[in-house]
Amino acid sequence: MLGEKLGEEQGKITGRRVLPGDDYRYLKMEISFETQSTVLGIQGMNMGTYTIFERIPGQLYGEGRGIFMTNDGKGGIWNGHGVGHMSETGEMSFAASVAFQTDADSLARLNGMLVLVEHHADMQGNARSTLYEWKA
């Protein structure tokens with residue numbers, strides 16, 4: 001279940017590429033983004049890239065990785081995966097789980113925590129996410 005809200009981010013899609021899929025039935029898309037973020041009350045920038053493909057009609061699957069850098073130069077890397085869908089207006093919405101790794105004391109709480117992310121990207125290249133702690 002959703003626990004404490006850990007942060008939010010807003011920014012832009014910085015790149016989109018269409019990649020060949022594993023067979024002729026689907027394509028992969030690669031999407032990169034950059035956002036201004038607040039995580040654990042700490043401001044910074046999040047940069048990442050995720051690849052997505054439609055695995056059954058109407059359902060997208062994605063995997064991604066990236067880095068959150070605080071304004072004072074600390075950072076943490078993340079890896080995640082999730083499922084999503086496209087709306088009739090072309091907005092892509094994902095629910096994802098993300099795991100962080102960091103040696104920064106200010107972000108250490110993220111180590112060993114599963115972070116749930118609600119991510120949205122629209123056709124104009126806007127990206128926004130909300131991050132929550134997962135509670136068992």
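I take partly exposed to mean a relative accessible area between the buried limit, under 20%, and the exposed limit, over 50%. The model I am reading is a predicted one.

Entry, Arg 128. I looked up its relative accessible area, which is 37%, and therefore I enter Arg 128 as partly exposed. Its side chain forms a salt bridge with Glu 91, and the closest N and O atoms of the two lie 3.4 Å apart. I then traced where the partners sit: Arg 128 belongs to strand β8 (residues 126-134), while Glu 91 is in the loop between β5 (75-86) and β6, so that the pair, 37 residues apart, links distant parts of the chain.

Entry, Glu 4 and Arg 109. Here I found a salt bridge between the side chains, at 2.7 Å from N to O. This pair also ties together distant parts of the chain, as Glu 4 lies in strand β1 (residues 2-20) and Arg 109 in the loop between β6 (92-102) and β7 (114-121), with their positions 105 residues apart in the numbering. For accessibility I noted 42% for Glu 4, which makes it partly exposed, and 37% for Arg 109, which is likewise partly exposed.

Entry, Lys 5 and Glu 8. The closest N and O atoms of this salt bridge are 2.8 Å apart. Lys 5 has a relative accessibility of 44% and counts as partly exposed; Glu 8, at 42%, is partly exposed too.

Entry, the count and the network. In total I have five salt bridges on the page. Through salt bridges that share partners, Glu 4, Arg 109 and Glu 133 are joined into one network.

How values were computed. Residues are numbered from 1 along each chain as its sequence is written. This is a predicted model: local features need pLDDT of at least 70, side-chain atom pairs count only at pLDDT 80 or more; totals for chains, interfaces and linings use all residues. Side-chain values use heavy atoms; hydrogens and water are left out. A salt bridge is a side-chain nitrogen of Lys or Arg within 4 Å of a carboxyl oxygen of Asp or Glu. Helices (H or I, at least four residues) and strands (E, at least two) are DSSP runs, numbered from the N terminus. Buried means under 20% relative accessible area, exposed over 50%, partly exposed in between (1.4 Å probe, protein chains only).
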